[in-house]
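Hi,

Here is the structure I said I would pass on. Have a look at it first, and then read on for what I found in it.

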Amino acid sequence: MTRYDGEFFRRWLVLTAAAVEREAGRLTELDSAIGDADHGVNLRRGFAAVTAVLDKEAPDTPGAVLTLAGRQLISTVGGASGPLYGTLLRRTGKELGVEATVGRERLAAALGAGVAAVAQLGGAQAGDKTMLDALLPAVEGLGESFAAARDAAAQGALATVPLQARKGRASYLGERSIGHEDPGAASSALLIAALAEAAA
Ligand code: ADP
Ligand code: MG
Ligand code: MG
C-alpha cells in the first residue's frame, strides 16, 4: 500500500488553500444565505496563513504538518469554523504521531478521530446541517479510497440542502435554513477533494 509523507500532507493543505481561494466567493454567498457572509473570507485568511507557516517552519512528518496547520487555523480564524477546522487537523495530526509516513487506512482512522473531536467541540451530529455532514461520510469513504472519500463528501454537502440547521448561526433561522447548502459542509467537500487531488 502507498505511504504518504509530510510533503504529501503539505501538498494537501496547499491544494486546499488554492481551492478555498478559488471558491471563496461561493462559500461567502452560501454563508450570506444562512449565516453572516464571512465563511469564504474566514477560510481564505486561515488557509493563506497555514500555507505561510508551513513554508516558514517546514515541519517534516505528517503529524507535525497537520498539528501546526490546525494551530494556525485556531489562531487566525475568528469564526466558528476556525476552532472546528483547527481541531480537526490538530487532532488528526496528533493521532498520526511521529511516523515519517502513513498509509491510507491509518489516515482514515486518524481523520475519524479528528471528526469525532469536531463533533465533541461543537456538540453537533450527523443531520444537523454542519461540516460534519460532509466529513462523516468522507471518513467512511476514505476506508475504501481517496476518490470515494471525495465523492462521499461532495454528496454529503449537497444533502445538507433540505436539512434544517440545528447548530451554528444557521440554526437561528429555524425553518428558513431549509433549501440552502451549508457553507461549512461545502468547504469540507473542498478539503476532501484537495486530499484526493494530492493523492492522484
Ligand atoms: P461563523 O458562523 O462563526 O461566521 P463560519 O461562517 O466561518 O463561522 O463557519 C460556519 C460553518 O461552521 C457552518 O456552515 C457549519 O458548517 C460550521 N459550524 C458552525 N457551528 C458548528 C458546530 N457547532 N458544529 C459543527 N460545525 C459547525
Ligand atoms: Mg459565518
Ligand atoms: Mg462569522
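For 200 residues, a compact globule would come out with a radius of gyration near 16 Å, and this chain has 15 Å, so the two agree. Keep in mind that this is a predicted model. The C-alpha trace spans about 50 × 35 × 30 Å along its principal axes. Of the 200 residues in the chain, 53% are buried. If you take the contacts with a separation of 6 or more, 64% of them join residues 24 or more positions apart.

The fold itself is quick to describe. There are 8 helices and 2 strands, and reading from the N terminus the order is β-α-α-α-α-β-α-α-α-α.

Now the ligand, which you will probably want to see early on. Ligand 1 has 23 residues around it, and the closest are Gly 79, Ser 81, Gly 122, Gly 168 and Gly 184. Three elements give two or more residues each to that shell: α2 (39-57), α4 (81-96) and α8 (183-199). The largest share, 3 residues, comes from α8. Sorted by class, the shell holds 10 polar, 7 nonpolar and 6 charged residues.

One helix pair is worth a look on screen. Helix α4 packs on helix α5 (residues 104-122) at an angle of about 145 degrees, and their axes are 8 Å apart. The crossing of α4 past α5 is right-handed. On the α4 side, the residues that meet α5 include Pro 83, Leu 84, Leu 88 and Leu 89, along with Arg 91 and Glu 95. On the α5 side, those that meet α4 include Ala 110, Leu 111, Val 115, Val 118 and Leu 121. The residues of this contact divide into 12 nonpolar, 4 polar and 2 charged. Gly 122 turns up twice: it is one of the α5 residues that meet α4, and it is also among the residues closest to ligand 1.

Last one: which helix is largely enclosed by the rest of the structure? That is α6 (residues 132-142), because 10 of its 11 residues are buried. Among the buried ones are Leu 132, Leu 135, Leu 136, Pro 137 and Val 139, and Asp 133 is on the list as well. The buried residues of α6 pack against α5, α7 (146-158) and α8. So if you colour α5 and α8, you will pick up both a partner of α4 and the helix with the largest share of the ligand 1 shell, each of them packed against by α6.

Cheers

Technical notes:
Residues numbered from 1 in each chain as written. Chains lettered and ligands numbered in written order. Predicted model: local features only at pLDDT ≥ 70, side-chain atom pairs only at ≥ 80, totals over all residues. Near = placed C-beta within 6 Å. Helix = DSSP H or I, 4+ residues; strand = E, 2+ residues; numbered from the N terminus. Nonpolar A, V, L, I, M, F, W, Y, C, P; charged D, E, K, R; others polar. Rg over C-alpha atoms; globule rule 2.2 N^0.38 Å. Buried ≥ 20, exposed ≤ 12 C-beta atoms within 10 Å, placed from the backbone. Contact = placed C-beta atoms within 7 Å. Axes fitted to C-alpha atoms, helices over the stretch in contact; angles between N-to-C directions. Left-handed = near helix turned anticlockwise from the far one by under 90°.
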